[in-house]
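Visitor: I have a chain open on my screen and would like to talk it through before I go back to the bench. Could you walk me through it?

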Amino acid sequence: MNTIVAKPASPSLENLRSLLIIRSIALLGQIGVLCYVLYSSRTTEDLWGMTASLAVLGLFTMATFWRSHQAWPVSDGEFLAQLLIDVGAWTVLMYFTGGANNPFISYYIVPLVISAAVLPWRHTWLVAVASLAAYSLLLYYYRPFPLFTPHAHMGHDSNANVHILGMWFNFLFSAGLITYFVVRMAAQLRQQEARAVAQREDQLRNDQIMAVASLAAGTAHELGTPMSTMTVLLDEMLADDELSGQAREDCELLQAQLQLCRNTLTDLTRTAELKTTTQSQPLPVDAFVAHSVERWAVRRPNIQYQTRILVAGKAPQIPFDPTLAQAFENLLNNAADAGSERVEVSLSWDARNASIEVRDWGEGISPDLLEDIGKPIIRTSRNGLGIGLLLSHATVERYGGRVELRNAEDTGAIATLTLPLLEAGRE
């Protein structure tokens, strides 16, 4: 039996549906006014404009309800258009029902508050200007409505005019406060939420890194015994004078690879003893690249590689420790695991940063995987993209650098490692 899990609606779509509910409530209120006028006066005189306005807005609301159940994403521009349509439709409705004399004129504040809560500042200013302009026009241009403008048939009352003008100033004051302060408060809440999400992701990533570090330490300890045994056996085999030439070459190759593994475990143990990044040593960036690539090439003898320095002159220095070299080698391993037979490394720098690009000619990176790179959870749909990149990101960020991945224009992928340079004269 298959279980169908409903996909949660996006926040922008939920905001649109909430706006439609608010609009429907306002429509029901105006329909109630229309029914009351029909019941009390028992005439349809001067009601056709109001009826047509309610009908058009009701049809548009139903069409938008249908749109809200489609798969189309709701952009800020569309949401802004919905609010401006609300302002325009309400203006037409107010025109046929007494203009600024209608007590429902204060509904203009609702689209403004919604815009301040969910839209950028510039969009909120558009809604504020549109609402204020509509309110101002309705002070002078409107159709008298007996229920709300009884003085229209008896001459203008100065007290009523002062009251209406006071309502307009109150709306102007409220619109200014909402547009300025509510927008700022909403932006601060969104920033606070974004920081909380980033902190949760950092905590999750740190937990995963600690788990990997514990596993690596245990593995390094357990590998010591079998590696010592293999070293002794290889020494005994090489000491045998009857060993054939091909077998001796194989044993010497195994001995070299085994020594490389022992050196790696030694570096791992030494790195674990470093307590802070301040124990790093200055190293020219070109030497860092050359040593790391040569070390990596020993483990990847079937991969052709090329190193290019794109800037002339003496190379600047970067803070170095073995974890940084491991982060760079992870990028090289990813390039080799992508199915590429060759890897190209390009080095450049400016006054502040050094940039190291690792180019491969493999299968590239899928767009959905690119979105997850650097996050605490990575889908490993390509060989080599997973915990290695997670560790690379964490290591480079400790030094104020960053790792960026993108697909090349023709084929393959490009990984860019950006590292800050040491300040001149500082070691």
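Visitor: To start with the outside, what does the accessible surface of the chain come to, and how much of it belongs to carbon and sulfur atoms?
Guide: Bear in mind that this is a predicted model. The accessible surface of the chain comes to about 25,000 Å², and carbon and sulfur atoms account for 60% of that area.

Visitor: And what percentage of the residues is buried?
Guide: The chain has 427 residues, and buried residues make up 37% of them.

Visitor: How many helices and strands are there?
Guide: There are 11 helices and 7 strands in the secondary structure of the chain. As for how the chain comes together, among contacts with a separation of 6 or more, 72% are accounted for by residues 24 or more positions apart.

Visitor: Let's take a pair of helices. At what angle do α8 and α9 pack?
Guide: Helix α8, residues 285-299, packs with helix α9, residues 322-337, at an angle of about 50 degrees, and their axes are 10 Å apart. Because of that angle, α8 counts as oblique to α9.

Visitor: Is that crossing left-handed or right-handed?
Guide: The crossing of α8 and α9 is right-handed.

Visitor: Which residues make the contact?
Guide: From α8 the contact is made by Phe288, Val289, Ser292, Val293, Arg295, Trp296 and Arg299, while α9 brings Leu324, Ala325, Phe328, Glu329, Leu332, Asn333 and Ala336. Sorted by class, the residues of this contact of α8 with α9 are 9 nonpolar, 2 polar and 3 charged.

Visitor: Glu329 caught my eye; is it buried or exposed?
Guide: Glu329, which lies in helix α9, has a relative accessible area of 1%, so Glu329 is buried.

Visitor: What does Glu329 touch there?
Guide: Leaving aside residues up to four places away in sequence, Glu329 touches Ser292, Arg295, Trp296 and Arg299.

Visitor: Switching to the other end, how do α1 and α3 pack?
Guide: Helix α1, residues 11-41, and helix α3, residues 76-95, pack at an angle of about 5 degrees with their axes 11 Å apart, which means that α1 is roughly parallel to α3.

Visitor: Which residues does each of them bring to the contact?
Guide: Helix α1 brings Asn15, Leu16, Leu19, Arg23, Ala26 and Gln30, and helix α3 brings Glu78, Phe79, Gln82, Leu83, Asp86, Trp90, Leu93 and Met94.

Visitor: And by class, what does that contact have?
Guide: The contact of α1 with α3 has 8 nonpolar residues, together with 3 polar and 3 charged ones.

Notes. Residues are numbered from 1 along each chain as its sequence is written. This is a predicted model: local features need pLDDT of at least 70, side-chain atom pairs count only at pLDDT 80 or more; totals for chains, interfaces and linings use all residues. Side-chain values use heavy atoms; hydrogens and water are left out. Axes are lines fitted to C-alpha atoms, for helices over the stretch in contact, and angles run from 0 to 180 degrees between N-to-C directions. Helices (H or I, at least four residues) and strands (E, at least two) are DSSP runs, numbered from the N terminus. Angles under 35 degrees count as roughly parallel, over 145 as roughly antiparallel, 65 to 115 as roughly perpendicular and the rest as oblique. A crossing is left-handed if the near helix is turned anticlockwise from the far one by less than a right angle, and right-handed if clockwise. Contact means heavy atoms within 4.5 Å. Ala, Val, Leu, Ile, Met, Phe, Trp, Tyr, Cys and Pro count as nonpolar, Asp, Glu, Lys and Arg as charged, and the others, Gly among them, as polar. Buried means under 20% relative accessible area, exposed over 50%, partly exposed in between (1.4 Å probe, protein chains only). Accessible areas come from the Shrake-Rupley method with a 1.4 Å probe; for residues, only the protein chains shown count as cover.
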